[in-house]
Amino acid sequence: MPRPDSRPHLLILGGTGEAAALAAAAVERFGEALRVTTSLAGRTTRPAQVAGERRVGGFGGADGLAGYIAEHGVDLVIDATHPFAAQISAQAAAACAAAAVPRLVLERAAWVREPGDRWIEVDDLGAAAAALPALGRRCFLTTGARGLGAFAALGHMHFIVRLVDPPGTKLPLASYEVVLGRGPFGLAAERAMLERYAIDVLVAKASGGGATAAKLLAARELGLPVVMLRRPLAPPGARAGSVAAALDWLAARLAATGPARETEEIG
Ligand code: NAP
């Protein structure tokens, strides 16, 4: 029987570029001294490669995640999920509290409104749909595949829907076309996108970070309004604003827990 892996075990909750960068940086910095596993929900058909180990699929709620933590000897959790992945973040907070495992949130920097931006901030897709008729007829929708039914009643509008994967079924929109794309997106390409499709208005999540910010710059240049979904509230707890800061947190935790683990193993 293989000997159980006795190294400290970091679980990264992923699905973002930051999570992949963190996994690569953790493997690079700690090498064989740390076991790194990245968890993906399995939403995309071609998930990005990650350094270290990878697991795919839901855990089965907070209890399922707590069970995974116990079963796989997870010592530390870094929640590097998307700012709008509120459910898994809440479940991670609950599971880590229950399992007494330290948890850090790798938080993506929020976008800041600049002069020339025409943002209309709303709390959900229903409010975004309510705002649209006053703003134009051709809408660039970049909020993902879920919840598009909120726009179903807007029969006079045409939607350009950007998705990572082709949708398996017809979208619940009266008039639309799908554009496939996976970030990061550059400014020239986003400007061309808005012009080619004669976009009047964008709908975006306030995701923050660099990978999808160019569409906002392009909208500002063209004077287009952006209906911006506010971020959901994140659960409280330790936060890092960069991969480097997350690595420092990790190093401090490993230094604090390392000797105890060695003692356990010797004893
Ligand atoms: P969510 O609503 O917060 O989570 C829904 C369920 O998906 C969770 O309850 C969990 O299932 C499972 N799940 C989510 N993230 C997981 C992960 N990293 N590993 C294992 N299971 C996970 O999440 P979402 O908004 O659907 O996002 C899903 C994934 O896509 C996340 O990893 C996120 O980082 C990434 N992503 C999301 C967005 C976005 O706009 N929401 C954008 C880009 C990338 P169980 O309850 O069964 O454990």
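Colleague: Which element gives the largest share of the shell around the ligand?
Modeller: This is a predicted model. Strand E2 (35-40) and helix H3 (86-99) are the elements that give two or more residues to that shell. The largest share is four residues, and the element that provides them is H3.

Colleague: Which residues come nearest to the ligand?
Modeller: The ligand has 23 residues around it. The nearest of these are Gly 14, Ser 39, Phe 59, Arg 146 and Lys 205.

Colleague: How far is an oxygen atom of the ligand from the side chain of Lys 205?
Modeller: Start with the backbone. A polar backbone atom of Gly 14 lies 2.7 Å from a ligand oxygen, and one of Ala 85 lies 3.3 Å from a ligand oxygen. For Lys 205 the partner is an N or O atom in the side chain, and the distance is 2.7 Å.

Colleague: What percentage of the ligand's accessible area does the protein cover?
Modeller: On its own, the ligand has 800 Å² of accessible area. The share covered by the protein is 81%.

Colleague: Let us turn to the whole chain. How many helices and strands does the chain have?
Modeller: The C-alpha trace spans about 70 × 35 × 30 Å along its principal axes. The chain has 267 residues, and 42% of them count as buried. Its secondary structure comes to seven helices and twelve strands.

Colleague: Among contacts between residues at least 6 apart in sequence, what percentage join residues at least 24 apart?
Modeller: Take one pair as an example. Arg 113 and Leu 216 are 103 residues apart in sequence, yet 9.6 Å apart in space, C-alpha to C-alpha. That pair shows how sequence and space can part ways, but the question concerns contacts in the chain, and there the value is 68%.

Colleague: How far apart are the centres of the positive and negative side chains?
Modeller: The chain has 28 positive side chains and 25 negative ones. Each set has a centre, and the two centres lie apart by 6 Å.

Colleague: Which residues of helix H6 are buried?
Modeller: H6 covers residues 214-222. Residues three or four places apart in an α-helix point the same way, because there are 3.6 residues a turn. The cover over the buried residues of H6 includes strands E6 (118-122), E8 (158-163), E10 (201-205) and E11 (225-229), along with helix H5 (187-196). The buried residues are Ala 214, Lys 215, Leu 216, Ala 218 and Ala 219.

Colleague: Which residue with positive phi follows H6?
Modeller: Its phi is near 70 degrees. The residue is Gly 223.

Colleague: Is Asp 117 buried or exposed?
Modeller: Asp 117 sits in the loop between E5 and E6. Beyond four places in sequence, Asp 117 touches Val 112, Leu 216 and Arg 220. Its relative accessibility is 11%, and the cut-off is under 20%, so Asp 117 counts as buried.

Colleague: Which side chain makes a polar contact with the side chain of Asp 117?
Modeller: A polar atom of the Asp 117 side chain also lies 2.7 Å from the backbone nitrogen of Glu 114. The side-chain partner is 2.9 Å away, and that partner is Arg 220.

Colleague: Which side chain makes a polar contact with the side chain of Arg 113?
Modeller: Arg 113 lies in the loop between E5 and E6 and is partly exposed, at 41% relative accessible area. Leaving aside neighbours within four places, Arg 113 is in contact with Trp 119 and Glu 121. Its side chain reaches the backbone oxygen of Trp 119 at 3.3 Å. The side-chain partner, at 2.9 Å, is Glu 121.

Colleague: Is Ala 100 buried or exposed?
Modeller: Ala 100 lies in the loop between H3 and strand E5 (103-106). Its phi is positive, near 55 degrees, although it is not a glycine. Its relative accessible area is 66%, and the cut-off is over 50%, so Ala 100 is exposed.

Colleague: What is the relative accessibility of Ala 198?
Modeller: Ala 198 lies in the loop between H5 and E10. Its phi is positive too, near 50 degrees. Ala 198 counts as partly exposed, with a relative accessibility of 42%.

Colleague: What is omega for the peptide bond from Gly 183 to Pro 184?
Modeller: Pro 184 is found in the loop between strand E9 (176-180) and H5. The bond is cis, and omega is near 5 degrees.

Key:
Residues numbered from 1 in each chain as written. Predicted model: local features only at pLDDT ≥ 70, side-chain atom pairs only at ≥ 80, totals over all residues. Heavy atoms only, no water. Buried < 20%, exposed > 50% of the residue type's maximum accessible area, 1.4 Å probe, protein only. Contact = heavy atoms within 4.5 Å. Lys, Arg positive; Asp, Glu negative; His and termini not counted. Charge placed at Lys NZ, Arg CZ, Asp CG, Glu CD. Near = heavy atom within 4 Å. Polar contact = N/O pair within 3.5 Å; in protein donor to acceptor, adjacent residues only side chain to side chain. Areas by Shrake-Rupley, 256 points an atom, 1.4 Å probe, with all protein chains shown as cover.
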